Every structure is written in structure tokens, then in C-alpha cells.
Amino acid sequence: MRRVLPRLGLYGLASLIVLYSVFPFYYAIVSSLKTGQQLFDPGLIPPQIQFDNYAAVLGQGVFLLDLFNSVVVAVVVVAVSLGVGVTAAYALGRVRFRGRKLLLLSVLGVSMFPQVAVLSGLFELIRALGLYNSLPGLMLAYLIFTLPFTVWVLTTFMRELPKELEEAAIMDGATPWVIVRRVFLPLLWPALVTTGLLAFIGAWNEFLYALTFTLSPEQRTVPVAIALLSGASQHELPWGPIMAASVVVTVPVVALVLVFQRRIVSGLTAGAVKG
Amino acid sequence: MAAVPVACTQDRAPAPPTLAESRVRAAWLFLAPLVVLMVLVAGWPLCRTLWFSLTDADLKDLGAARFVGLDNYTGEFGVLRDPDWWRAVGNTLLFAGVSVAIETLLGLVVALVLDADFPGRSVVRAAVLVPWAIPTVVSAKMWAWMLNDQFGVINHVLMTTHLISQPLAWVADPSLALGSVIAVDVWKATPFMALLILAALQMLPTDCYEAARVDGIHPVTVFVRVTLPLIRPALMVAVIFRALDALRVFDLVYVLTSNSRDTMSMSIYARQQLVDFQQVGLGSAAATVLFGTVALCTALAITLGRVRLEGAAG
């Protein structure tokens, strides 16, 4: 009995954790499959599965366009961050030079920035560059949080690679550029996938800049589209379509996260515990 | 389990100075794009925000801004004399303090469960990642629906179990709104906390646990005397990270309770001044105060982290 009881407690606690974590998303899915009056009956299983809400959301071309915007912005931001991040991480992680520590500290400092602190300055910059209400404007703005993060995590990964590899390459007369491309890049693939994923999620979820730097529905990203989704009257929110849109936006991210579980966890802890 | 920024201390093979020099030159070349981009999107806008906070800038015509000294901070209509601002400060601090405290406790529990060895552990671990993966805006909407006063499942459950006699307006009632915001944040951020603590737990040496078990020491005593002190450094880092994140909270509050004064955070206040009221000067001043607060906390965190690290090394 003394051995069974703790086991039982552990399983109880574990089930509670699973229920607590998953239930809200499950309930969103259930709600998104209900229509009309069914929505106002809080049953946990939809009486019949109907895709009306999905049709309503995806039927508006604007939501599809916003989905596309989100993908484009996130992909470009990740590509730029990784491209700039790899070479910077090589310099910060493997070369000793004066000012390196200061640079690392400023990178860390920028990643702690409250985003609103640069809002007015960024607004001015984006407008001056003629990028207000456009996707390139958002891409530029997102670099402020994806770039420091990418550089930081890649630097910690870069440091863990054995130095013998690099020494051999130096002996062979390889230039730093060749070392990065031929020696480190192939070894860094797992780290690039991890960092890229985390940066992608960051850009996909961003809200403050997307809300502030875009104006027309056609230029929005999905978080803004969902936040501003409204019905016929102001007091009556279209909960069915909102839940359908939420599920559409969330499923790809949750799938990615579950597929790359281990990588994501290692990236998170590298970025934070080691950071 | 290295901590906050440490310079790499690896010794490199002795190389002729010319090689080292060319490596340093290459390093700066490699860093140039990063430095240029960071100055462009972070450094310059931050300086402009500081400048705007000293002017009467208006969103419609930023070029016409005039220098007004510290008026936006301490003037008659200055941020520091606005009761709404202090209310936002109070909300933010309360939100950050309470949510991070609960997240730490819950995170510890979840991490301990995940650290135990039982079949099905991977399922629990995958489930825990779900709230973390869901975009903040989406989690706010999902919870807003569950917390809906008329049709929400939470009121429904509480009513049918007779825990409450009439539906509660979770997000509209001033006395409940901030609590609801905290509850959603706890749901969303506990996984992050749990994963960081789990990483620390899994790096603990096993031998002292063997010794404790042989000696028949109660598990709770072992946890308090051995585990907690050993994971404290990692726990502190996780708490600091979460706290900095909580201080700048925006999305969750904005979507769940919009511009309600009962839950307004410092970030929401700053953006409202800036965008809704077009008063870039005032908004920038508020943003600057928030930046100062966060910068202070960051500096403190980095110093603490380094002190700990040197202590560990020596």
C-alpha cells in the first residue's frame, strides 16, 4: 500500500496536468465545430460536426491573405536572422577580440527590451522608409527580437563544437568564411532548425508591432486579424468563426512543436538557462 | 548549466599573430551586418524614443516636435502625475509578482512530475508544450470564450456544481478582471517555467540521492535540503526571465480586457497615449520609464548571474 499510493498520486497529478494543458485548446476545437444555437450550449462533444465556421472564416479572402502575410513575414524574418546570426555567432563564439563581451551583453540587453520602448522611434523609421502598412515594415521591426535571440542561441551552440575541427581547417589554410561554410554550417544544422523554429514561432505570434504598423485588413498578420475579428454588432462577437480562425492559426504551430519537441526544449533551455 | 553571459574561456592553440589578426578582422566583418541591423532597428529607435519623450511630438506630424524639457514626465499633464499611469504601474507589478510566483510553484510541480519515471511521461511532456505553442492572442481569445459570462463553460461548470449562484463576469468585473488575466498567463507560461526547471533537475548528480535513500531520509526532506538548493541558481534565472517578460505584458491584456483601466499595463498605457491619443511625447515618456524599469532589472539580473558564476568557479 505504501508503494501504490504515491504511484496513484503521481498518475493523478499527471492526468490533471494533461487535462489543464490541453482542455482549453480542445474546447476551442469543439466550439469551432458547433454552429448557431449549439455554440451556446457548453457541451464537451459537438452534437454534429459542422465546418460552417471554417467556411465563414476562410471564405473571406482577407483571412487567407492574412495567413499568407504571416507566413511570408515569418519566413523572411527567420531567413535573415539565421543568415546574419550564423556569421555573427561564429565571430562571437569562436574568435577572441576586444569588445566581444560588450557586444554579447548588448545583444542580450536588446533581447530583454520591452517592445513598446522603441515603438515611437520605430514608427518614425518605418514611415520615413515608406514601409508603413506594408510587410517589409513588419519584417524590419521583427528583427529586433528574432536577431538577438538567434545570435545568442547560435553562439552557445557554436561554442560547444570541438575546436580540433577548426584547427585542422586553419592548418589547411582555410579562411574564416570557408571555415563557417564548410566546417561549421554542416554541424550546425540541428541548431539552425531549433533556432529557426523558435524565431518562426516568435514572428508568427507577434502582435504589438503588427497591430501598430499596419492599417488595412489586407496587410495584417493573423494574430491581428483574430484580435480584430468582429461581428455585425460591436457587442456580439462571432465566437464560432473566432474559434475556427484560432484553430487554423494554432494547428500548424502545435504540430511543429510536437514534431520537434526535443529540439525546441533544447533551444529554449540553451537560450534561457545558458543565456 | 553555465549561466548568464560568460565569455568563452577556451584556450586556443598558439597561432602566429598575423593569423590571429586576420581572424579578428574577419570577425568584425562577420559582425558588421548584425551591428548595422541592431543599430537600425534597436539603437536608433530607442534614442528617438528618448528624444520624443522630451518633446511635444504629435503622431500626425513628428517633424514639428518642439523640445519641452521634462514636461512629459513631471509637467502638469506629465506621466508621473497621471493617476492612470500609477494605476497601470500597480497593475503591472501586481500582475508580474502574482503570476510569476504562481508559475514558479506550478512549474516546480510540473517539472517534478516530468522528472519522475513513469510510462506515459512523454505524453505529459508533449501536452505541457501545447499552451506554450499557442499564440498569445489565440490563448486570450480561447479563454475569453471559456470565461464568457453568459455562455462560458467555466461559469456553466461552477453553476452546475453550485459553487456560484449566479454567473460571474470574469473579464468585465473590475474585481475579477486582473485575476482572470493572471490565470490565463499562468496557464500559458507555466510550461516555460517547468521546462527550465526540468532541465536543471535532469542535470543533478544522482549519487547524493542514492545516499539519502540508503539512509532512509524522507523524500520531502531530501527535496527541501538537497534538490531546492541545487536548482536554485537555475530557478532564479527562470524567475528573472519570466519577470522581465511579465513587466512588458501587452497582447494578453489587450485582447482579453482591451483598454479597461482595471487591468491596463504599462505597455498598454504607453501605446494608448502614442497611437490612440496621438501624443507621441507622453507615450514615449511612459515607454521610457518602462524601459528604465526593465533595464534596471536586467542589469541587476546580469550582475547577480555573474556574481554567482564567479562564486561557483572559485
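This report describes the helical build of chain A, its annotated spans, and selected surface and loop residues of chain B in a predicted model.

**Chain A overall.** Chain A holds twelve helices and zero strands, so that its elements, read from the N terminus, are α throughout, in the order α-α-α-α-α-α-α-α-α-α-α-α. Along its principal axes the C-alpha trace of this chain spans about 75 × 70 × 30 Å, and of its 275 residues 57% are buried.

**Annotated spans.** According to an unreviewed UniProt entry, the annotation "transmembrane region" covers residues 9–29, 67–90, 102–123, 135–154, 183–204 and 239–260 of chain A. For chain B, UniProt places the feature "domain: ABC transmembrane type-1" at residues 89–301, again from an unreviewed entry. The table lists the computed content of three of these annotated spans, together with the separation of their end C-alpha atoms.

| Span | Helix | Strand | End C-alpha separation |
|---|---|---|---|
| Residues 67–90, chain A | 100% helix | 0% strand | 34 Å |
| Residues 102–123, chain A | 73% helix | 0% strand | 28 Å |
| Residues 89–301, chain B | 77% helix | 0% strand | 21 Å |

**Helix 11 of chain A.** This helix runs over residues 239–259, and at 1.5 Å a residue its 21 residues should span 30 Å, which agrees with the 29 Å that separate its end C-alpha atoms. Helix 11 nevertheless bends by about 30° at T250(A), and a proline, P252(A), follows within four residues of that position.

**A nonpolar surface patch.** Which residues form the nonpolar patch on the surface? The patch is made of Y20(A), L94(B), V98(B), I102(B) and L106(B), which together have about 380 Å² of accessible area. Its largest share, four residues, comes from helix 3 of chain B, at residues 83–115. An α-helix has 3.6 residues a turn, so residues three or four places apart point the same way. Within this group, I102(B) lies in helix 3 of chain B and has a relative accessible area of 34%, so it counts as partly exposed, being above the 20% limit for buried residues and below the 50% limit for exposed ones.

**A loop residue of chain B.** F277(B) is placed in the loop between helix 11 (266–276) and helix 12 (280–313) of chain B. With a relative accessible area of 44%, F277(B) is likewise partly exposed. Although F277(B) and D58(B) are 219 residues apart in sequence, their C-alpha atoms are 9.1 Å apart in space.

Definitions and conventions: Residues are numbered from 1 along each chain as its sequence is written. Chains are lettered from A and ligands numbered from 1 in the order in which they are written. This is a predicted model: local features need pLDDT of at least 70, side-chain atom pairs count only at pLDDT 80 or more; totals for chains, interfaces and linings use all residues. Side-chain values use heavy atoms; hydrogens and water are left out. Helices (H or I, at least four residues) and strands (E, at least two) are DSSP runs, numbered from the N terminus. The expected span of a helix is 1.5 Å times one less than its number of residues. The bend at a residue is the angle between axes fitted to the seven residues ending there and the seven starting there. UniProt positions are given in the numbering used here, feature names are shortened, and annotations may be inferred rather than shown by experiment. Patches are made of residues with over 30% relative accessible area and no salt bridge: like charges are joined within 9 Å, nonpolar side chains (Val, Leu, Ile, Met, Phe, Trp, Tyr) within 5 Å. Accessible areas come from the Shrake-Rupley method with a 1.4 Å probe; for residues, only the protein chains shown count as cover. A salt bridge is a side-chain nitrogen of Lys or Arg within 4 Å of a carboxyl oxygen of Asp or Glu. Buried means under 20% relative accessible area, exposed over 50%, partly exposed in between (1.4 Å probe, protein chains only).
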